[in-house]
Structures are given as C-alpha cells and as structure tokens.
Amino acid sequence: AAAVVARPDRAGGKRLYAYCAAGDPRPGVPELRAWCARSLPEFMVPSGFVVLDRLPLNGNGKVDRAALPEPGGERPEQTVAYAAPDTPAERLLARIWAGLLGLDRVGAQDNFFDLGGDSTLAVGLVAQARESGLRLNTRTVFESRTLAEMAARGRGSTVPAARATWRPQIWRDRVSTVHLNAGPPEQTVFCFHEVGGNVTAYTALAQRLAPRARLIGIEAASVGLGREPGGTVPEMASAYGAAIRDIQPTGPYLLIGYSLGGAIAHAVATLIEESGGEVRLLTAVDSVLPVGPLAGTLRRYAERVDALAALVAGGTLRPGSLEQARELARGIDLPEVVLTLPADDLTRRLRTMAVHTAALLSYRPARIRSRVLLYQARQSPWPMPLREGWDPYTTVLDARMCDADHLSIMRAPAVDRLARELLDDHGRLNGRTPESSFL
C-alpha cells in the first residue's frame, strides 16, 4: 500500500513525499528510490519516503491523506553510510543543508540533490553560504558530488568536480557549457542562457528530456568564467557556435532558447545556415525579438534593472527599500529569493542582466530557413503576440500559447507539455514532420 502527496518546502515550492506500508524487513530509502526510478521519469521520483506499519484509512476504506504524518525530518538512508562533517566548512554547509531540506543531520558524503535539493533551493544555499563566508556559486552546487567536495571548492580548494555530467568545458576562453542531463549524443539539444547568463532555468526540462535527449547548456562568460559581461548578440553567437561545433561537428542541430536565449539561438541558427549547415528545429520559449512595441517593453525592463541596481549599490537592502526592491524584482521576473544574495553578487547579476538587455535591444535579426517552434506565456506582459515579432525573420513558424507566466513556463506543469510535444506528440527531436498543430 502506498500514497504520494505534495507538501510545501521551505523555499515556497512543493516536494513529493511517498508513504508506504511495510512489515519487516523494511525496505530502505535507496531501495525504494531505485524501484521508483525503474518505471518513473526522474522528476516524478519522490524526494522523500516515509515507511509506516500501515496507512491511515477513512471510513470508506480509502487512504486518509489528511492523517498522513508530516515527514519527520530524519536524514533518509543513502547508498553511502553516514559520515559526520569534519572540517569547519563542512559543518557550516551541513547546517545550511539541514535547514533548507528540513533534515536532522547531513553527512559529509551526502549529495544535495539526492537529499531532495533542487535549483530553487540551490539559490538559497548559495546566499546563506556566502553570508557565512563560504564562496559558493550555483555552478559549484551543481558540480559537486558530495558535501565534502562542495565545502572544499567553496573555500578555494582545487578539488575537481566528481560529477562528470556537470563538469564545464571551456572554448576559446569565452564560453562554458553545462551538461544538464545524461542522454544519447546523437540526440543533443543545445540551450542558451537567459538574461541572467545562467542555464538553471532548463533544469526541469532537462529532467523531462532524459534519457531520450541530451541537453547541453551554453552559459555566459560572466557566469561560467567570472568575466565582465559584454558583447553583442552576434558576437555571443559566434563564440557559442564554435563551442557547439566542437561538441557536434555536423548538423542538423537542435536549439532551444528561453527568454534572451531565443534571440541568441536565432543568431546561432543564422551563422549555421550561412556556413551551409542545418538547424532541424529552433524552439523559442517566451522569447522576443526587439521589434515594434516589444522593443519598448525591453527598454522599460532595462530601466527597472537599473533602478534595482541603484537600490542595492549601497550594500544591504534597508527595510524601507526592501518592498520597492521586491516590486522591481517582480517587474523583471527575478525570483525574490535572489534578493537574499550578498550585495556584490546581486550587483554582479544585475550588471549582467543590464548588459544582455542592451545587447538584445541592438540585435538586428535576419531571416532564417530553420523551423521555429515558439511558445508564448499567456500571462507575460508582452504588448503584442510574439509571433508577430518572429514571423518576418522565419520561414516556418509554429506559434503556440501556453497557460503560464514568464517564470512558470519553464516549470511544471507548463514544462511537462513542452517536453511532451518535443519528444512524443510530434517526434520533433527525431525529425518527423508534425501530423497536427496544437492551434
């Protein structure tokens, strides 16, 4: 007997918990997780498991979900035995992990994501670690296999990342890539960073595409390499195109761009076509080209970024300016948890956003032959249908509306539809022609 419920987590989201009834000997959490993983995609495997003698039932003999106990906060059993954190950095990280994940203890050889961590909690982890003097970034969180490794990297150690699928490669000193999942090389999809320069927005999509497609993120040099942000969209496309061809020398190519990433994907497709290559499909997710009224929306976006940067320029946000900062953050689709970052990190992120917005405003797209699948978030504040901005610069355009806003379009349930339509309904990732249109 088993039941699964979604419970709120400490970051304001939800996590799946599975309850099961078992006698002796009781199955361990690793065994239960492995059993689920044999028939479920990764994103549907519960984060936590609670084993009971019996499930509570109501008068009709059905599971009484309201009577299921709250998870106790105990560290779930792992494939490795518990090892107490040893160094001050490890003990500090263990306290932060335990607080974020709601656990009583965390071991030095535990993995953040195996314990239920995700990309949203990673932002809070970075913020709390930096406030305590440990120099972490989101890349380090994703690359580190264990708490001990994360602590070593955070205090400046040169310990290499042990999780190979997250290890960055560097091209021409200007580009870094992140392997977001494991999948067949012949089904490689390249995704391009959004206005903040990182590719963490693709985490949920990568989970849903695995293991049928491999998703490789292209990050901005300001994020992946710690450089000052700069360059036009065509200049970014030139460097990113070189990185892509080092990984996949010949086409056809599969490209995905969310937010700013859609324009970058368009510029990369332009270069590929000019060199005689082929792009099988370009998927743009709530992404604009800077034409007509859309350019005015982008300019107002840039003004809000500058206003928020001015608020945090003096250091920690004061109580009187916090609500204004929250309003500005909402206006630029920035999760409020980012406001908890140390001032220098937040300033650096806003600087990257400002430079990338200016680059987008100056982009002058050319018409491409590649098929384009365009998703627009219904609740995003665009002054016109995005297809009207894309249509003059595409030959084959399939535009679709999605019931989401700019942030939630890359999260469940909206991202489930995106992955399903890419993989199943129309077989787009293996080149089959769609049999029907959503509209």
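1. In this predicted model, three strands make up an open sheet whose order is 1-2-3 and whose pairing is mixed. Strand 1 (2-8) and strand 3 (48-52) are the edge strands, each of them pairing on one side only, and the twist from one strand to the next averages 25°.

2. Strand 1 and strand 2 (residues 14-21) run antiparallel and are joined by seven bridges. Within this pairing, Ala2 stands opposite Cys20 of strand 2. Ala2 can also be placed relative to Val63, since the two C-alpha atoms are 8.8 Å apart in space while the residues are 61 apart in sequence. Val63 belongs to the loop between strand 3 and helix 2 (88-101), and with a relative accessible area of 29% Val63 is partly exposed.

3. Which cysteine sulfur is closest to that of Cys20, and at what distance? The closest one is in Cys36, at 8.7 Å, which is too far for a bond, given that a disulfide requires the two sulfur atoms to lie within 2.5 Å. A search of the whole structure likewise finds zero disulfides. Cys20 itself counts as buried, at 13% relative accessibility, and Cys402 is also buried, with a relative accessible area of 5%.

4. Helix 8 (residues 233-247) has 15 residues, and at 1.5 Å a residue these should span 21 Å; the end C-alpha atoms are in fact 21 Å apart, so the computed span agrees with the expected one. The buried residues of helix 8 include Val233, Met236, Ala237 and Ala239, and a run from Tyr240 through Gly241, Ala242 and Ala243 to Ile244 is buried as well.

5. Tyr240 deserves a separate comment for its ring. Two aromatic pairs are counted in the model, and one of them is formed by Phe192 and Tyr240, with 6.4 Å from centre to centre and 25° between the planes, an arrangement classed as stacked. Because Phe192 lies in strand 6 (residues 188-192) and Tyr240 in helix 8, the pair ties together parts that are 48 residues apart in sequence. Phe192 and Tyr240 are both buried. A reader who wishes to check the classification may note that centres must lie within 6.5 Å for a pair and that planes under 30 degrees apart count as stacked.

6. A ring is also involved in a contact with a charge, in that the charged end of Arg105 sits over the ring of Tyr82, at 3.9 Å from the centre of that ring.

7. After helix 8, the peptide bond from Gly251 to Pro252 is cis, with omega near 0°, and Pro252 is found in the loop between helix 8 and strand 8 (253-258). A cis peptide bond also leads from Ala412 to Pro413, here with omega near 5°; Pro413 is found in the loop that runs between strand 11 (394-402) and helix 14 (414-425).

8. Helix 9 (residues 260-274) reaches 22 Å from its first C-alpha to its last over 15 residues, which is close to the 21 Å expected at 1.5 Å a residue. Helix 9 is mostly covered, with 13 of its 15 residues buried. Ser259, in the loop between strand 8 and helix 9, has a positive phi of about 60° although it is not a glycine, and Ser259 counts as buried at 14% relative accessibility. Just after helix 9, Gly276 takes a positive phi of about 90°.

9. Where does Asp286 lie? Asp286 is in the loop between strand 9 (279-285) and helix 10, and its phi is near 45°, a positive value in a residue other than glycine. At 1% relative accessibility, Asp286 counts as buried.

10. Helix 10 (residues 293-312) contains Leu298, a residue that is buried with a relative accessible area of 7%. Leu298 and Leu361 are 63 residues apart in sequence, whereas their C-alpha atoms are 7.1 Å apart in space.

Definitions and conventions. Residues numbered from 1 in each chain as written. Predicted model: local features only at pLDDT ≥ 70, side-chain atom pairs only at ≥ 80, totals over all residues. Heavy atoms only, no water. Pairing = 2+ DSSP bridges. Helix = DSSP H or I, 4+ residues; strand = E, 2+ residues; numbered from the N terminus. Axes fitted to C-alpha atoms, helices over the stretch in contact; angles between N-to-C directions. Expected span 1.5 Å × (residues − 1). Buried < 20%, exposed > 50% of the residue type's maximum accessible area, 1.4 Å probe, protein only. Phe/Tyr/Trp six-rings, centres within 6.5 Å; stacked < 30°, edge-to-face > 60°. Lys NZ or Arg CZ within 6 Å of the ring centre and 35° of its normal.
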